[in-house]
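Visitor: Could you take me in for a close look at one part of this protein, and then carry on from there to whatever helps me place it in the whole? I would be glad of one connected account.

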Amino acid sequence: MIEFVEGRCPPEQVGAVGRHVDGCSLCRRLLAALALDEDLAPPVPAREPAGVTEPRASAEERLLEARLERGRSVGRYLLLNRLGVGGMGVVYSAYDPELDRKVALKLLRVGTAHTRESQARLLREAQAMARLQHPHVLAVFDAGTFGDEVFIAMELVEGSTLTRWLGTERRAWREVLAVFLDAGRGLAAAHVAGLVHRDFKPDNILMSRDGRARVTDFGLATAFGAGEAAALPASGLAASSGEPRLTRTGTMLGTPAYMAPEQLAGGAVDARTDQFSFCVSLYEALHGERPFAGETWEALRGNVLDHKVRPPPRGARVPPWLRRVLLRGLSPRPEARFASMEVLLTELRRAPQAILRRRVAVAVLLAVVGVGGLVLRELRQRRARCQGVAARLEGVWDEARRQRVSETFLATGQPYARDAWHMVERALDDYSARWARDWTEACEATWVARRQPEEALRRQHQCLEWSRGKVQAVTELLAQASAAEVREAANLMATLPDLNACAGQAPGPSATPPAGTPESSPEKDALRLRLARVEALQAARREREGLELAQAVYTRARALKDGPLEAETLLRQGQLRQALQENPEAERLLTEAVLTAEALGLDELKARAQLELVWLYGVNLHQVGPAVAWSRQAQASIHRLGGALRLQYPLHLHLGGALFDAGRYAEAAEHFEEARRQAAAVLGEDHPRLAGIWANAGMGLSALGRYEEATVAVRHALALAVKWLGPRHPRVAHIQTNLVQLLLYQHREDEALPVSQEAVAIYSSLDEEPPGAARSWLFLGHIHLERGEHAPSRRALERALAIARRVYGPEAPELADALTGLGELLSAEGRHEEALASMRRALELQQQALGPSHLALAETLVRMGQVQLALRHTSRATASFERVLRLQEVEQNEPIVAEARLALARLMERRVDQRAQALEHARRALAFYTRHPWDAAEKAELEALLGRLTSGEDSRRR
């Protein structure tokens, strides 16, 4: 045994020792004790022998190797050869007899295997990788345990790591970039799945013999937004010579040399964190050294946080444009980096093409000089065809139009007009600059570089001209903007088409209209531009005007027998009818749009119409069954389109809304969260549209009683909304109202009061308060009520009721919350009969619209029960609380269920024949209040109640 621990055991005896120890617990304990004795540790040479890249095996590792000899079974797998050792795992090749294939089997190293954290981390690696199915992500097949060890079975790749591939020979920058583009696609796929790698580096990229790169080692992957403190490594971590590896298992998650500043600081990570690591890795591969120097942990961390990027080394043949892209990806602030990996990859793909075009143009010019002036004149003529792009934007987005829109916005006098103008100016400046660049580059690719045929140019320019028409429709509307258009400016910017589609680089199917068909004509193209105005009017909430124009376009499209335009116009009419609450006609038009698109093979348009039907049935008509059925059809259409992420996240949003409306909160929360992950992957974490999506995710969590998580999400939504819309926009007030609601749930009235007052002030500054103002006044009334301030509470609640009546009508269920709130106020004033009447009216309105079993009745029933108790109507109060528990899907609304159960436990404790039921209600309510510490009083009461009920039960048994 001592010889084995000291490393002096003859090779032929190692296997025998391992087999004996495997079946002898006494010897295993003895071996572990000997391994801890420093005097018996094997000698370590002063310097590693050349070529050694793996850490020296400990006694425990040698024991594992002895146990895992060739032919040994691990689960169903038969071990073959050891392939390597990493910071956490040892990897073997293995044979899977069930599927008759070789796999790579990774096991947790013995030195860390007996910690729960390490085992969980390896299983997390398997789960994370198994969620990804992508050609540039290493496939995971299986995971399990082997004794005290954890293993995962993965695709076996014959090749090496990217680090070794880079070190075998000098690589041209284009060759290196091509490999990193593939690896970046794999990383982007992880982000779409909602994962952050957190340890992206060349060592975690496998290069197969066919040259394909695969991202692996997701053992540190986590969900977006998770924060994990990065413990400081010990000082003196640098290697004795050469570049420090700066990595130490167990002290920090990830490899410090590749970490983003927020990761080094122990902050929250997201997809932009991986983007930073990707750029460090690509920089290193291109320059032969990493961008940030540092021989020690402290030096490296300081250089990264201060953004002290090394100058390019002498002889580095890296184009300036490529360095500029990398430097942006290495920005110390995440928001200064690219919006997503997809955007970064697009920039890396586009720039080499531009360089190539310029070089071809120079070569042509030199050749022209040599052959004579005739060819030179021809070249000049070809180049002249690609000039004058600025003239194409005259009257669309030029200085005169810019000035007109600015004046119009500010003239509305809206408190958020200046912020809205700055947002519009920035968005249209960026869009028009990109449009002009794309138009010129496409032209030069055909007429100067001779790189693409004229037909390709015709298609690109036709697509770009259609996009220009949509910009014109938007800016014409903005130049005549009323307060409504200023309020909806962000929606109008969202209607601008994706220019990547015109270059064939869009992440999903083309967003361009079918205008490039052989049947295209000037009249048809003009109709499509009129349809662009319909979309702008729809975004500006001018539905009636948009509907009239859409109907005129539809009539003419039918006369011209333009099927695609008919289908698109049907969809637009259906959307507008739905916005106008004309639901039967909306249902007919949207269904007809689906059928027309199906007949013409227009899968994307069909999917969009199906998505609208999900919302129509689920939210407007309160019919969750048909909404779910349409969501399945939409998912099938999206699948035919290759996944189409920009349609996938709206599907989750619409289905989440339908499920939320039906009271199926757990399912709704899952869909809202999935929508958030996918929207961030498509649009970027910093996109203005993410504000509403984060808010939905937060409110989905709140319905499950997960208030802390919900509060974090809604605060994030609020920060995005303020950034893009300014602090006085009504959408900011809407999100503030959500935050107030969450703070009230947590009994944080003092914290909620200033937020509520700010939201009310924003709504009150408008010419007419929108529907959301009713909720804002409602919550302000509740805050004053909780603080015992009855007069301001009454004013706020009556204002909420008046707004709801004006917006929704006198019989709408939306009046119920204000009526219930007024009932609570009346009860607090001792006017219980009046309070009960107000609440009965609220319940009546809800039942008329939603039916007698809808979950929305729960809050009203609980408040009614409390008033009935105040009136000593005990049996009626009990019936109200019990009815809450019989509502559809009610168990998903844990907060209101816990409140009802607490009330029933109090009532039933008094009756001997109901004490068993009281005990059950108390236990289940306590489970909720234990998870939510802000309800400390209720928790304490339930614990005392349970004590009394339990002691009574014990005495009866005795």
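Guide: Let's start at Glu585, which lies in helix H24, residues 583–600. Please keep in mind that this is a predicted model. Is Glu585 buried, partly exposed or exposed? Its relative accessible area is 27%, and because that value falls between the 20% and 50% cut-offs, Glu585 counts as partly exposed. If you look back along the chain, you will find Gly574, 11 residues away from Glu585, with 7.3 Å between the two C-alpha atoms.

For a contrast in setting, turn to His652 in helix H27, which covers residues 645–661. Here the relative accessibility is 12%, so His652 is counted as buried. What does His652 touch, once neighbours within four places in sequence are left aside? Its contacts are His671, Glu674, Ala675 and Gln678.

To place these two sites in the whole, it helps to step back. The protein has 41 helices and 11 strands. Of its 958 residues, 53% are buried. Among contacts with a separation of 6 or more, 64% join residues at least 24 positions apart.

Now to the interior. The largest nonpolar core holds 139 residues, and Phe409, Leu478, Leu492 and Met493 touch the most other members. Helix H17 is the element that gives the most to this core, 13 residues. As a general background, nonpolar side chains in soluble globular proteins tend to be buried together. Leu492 makes a good place to pause: beyond residues up to four places away in sequence, it touches Val474, Leu477, Leu478, Glu485, Ala536, Ala539 and Ala540. There is also a second, separate core of 48 residues, with Leu177, Ile205, Met207 and Phe278 among its members.

Phe409 brings us to the aromatic rings, of which the structure holds 10 pairs. One of them joins Phe276 and Phe292: this pair is stacked, with 5.9 Å from centre to centre and 10° between the planes. Phe276 sits in helix H10 (residues 271–287) while Phe292 sits in the loop between H10 and helix H11 (297–305), so the pair ties together parts that are 16 residues apart in sequence. Both Phe276 and Phe292 are buried. Phe409 itself pairs with Trp421, and because their ring centres are 6.5 Å apart with the planes at 65°, that pair is edge-to-face. Phe409 belongs to helix H16 (residues 399–411) and Trp421 to helix H17 (residues 417–447), 12 residues apart. Phe409 and Trp421 are both buried.

Phe278, named above in the second core, also joins Phe180 and Phe200 in one aromatic cluster. Charges meet rings as well. Arg171 lies over the face of Trp165, 3.8 Å from the ring centre, and the charged end of Arg328 sits over the ring of Phe338 at 4.2 Å from its centre.

Ile205, another member of that second core, leads us to the strands. Strand E9 (residues 205–208) pairs with strand E7 (residues 159–161) in the antiparallel sense over 3 bridges, and Thr161 stands opposite Leu206 in E9. E9 is also joined by 3 bridges to strand E10 (residues 213–215), again running antiparallel, where Ile205 stands opposite Val215. E9 and E10 form a hairpin with 4 residues between the strands, and in it Gly211 takes a positive phi near 90°.

A positive phi near 90° turns up again at Gly726, which follows helix H30. H30 runs over residues 707–725, and its end C-alpha atoms are 26 Å apart; its 19 residues, at 1.5 Å a residue, should span 27 Å, so the two values agree. Which residues of H30 are buried? They are Tyr707, Ala710, Thr711, Ala713, Val714, Ala717, Leu718, Leu720, Ala721, Trp724 and Leu725. When you follow such spacings along a helix, remember that an α-helix has 3.6 residues a turn, so residues three or four places apart point the same way. The buried residues of H30 pack against H17, helix H20 (489–494), helix H29 (690–702), helix H31 (730–745) and helix H39 (894–909). That brings us back to H17, the helix that gives the most residues to the largest core.

Conventions:
Residues are numbered from 1 along each chain as its sequence is written. This is a predicted model: local features need pLDDT of at least 70, side-chain atom pairs count only at pLDDT 80 or more; totals for chains, interfaces and linings use all residues. Side-chain values use heavy atoms; hydrogens and water are left out. Helices (H or I, at least four residues) and strands (E, at least two) are DSSP runs, numbered from the N terminus. Buried means under 20% relative accessible area, exposed over 50%, partly exposed in between (1.4 Å probe, protein chains only). Contact means heavy atoms within 4.5 Å. Rings of Phe, Tyr and Trp (its six-membered ring) pair if their centres lie within 6.5 Å; planes under 30 degrees apart count as stacked, over 60 as edge-to-face and the rest as tilted. A charge sits over a ring if NZ of Lys or CZ of Arg is within 6 Å of the ring centre and within 35 degrees of the ring normal. A nonpolar core is a set of buried Ala, Val, Leu, Ile, Met, Phe, Trp, Tyr and Cys residues joined through side-chain atoms within 4.5 Å. The expected span of a helix is 1.5 Å times one less than its number of residues. Two strands pair if DSSP finds at least two bridges between them.
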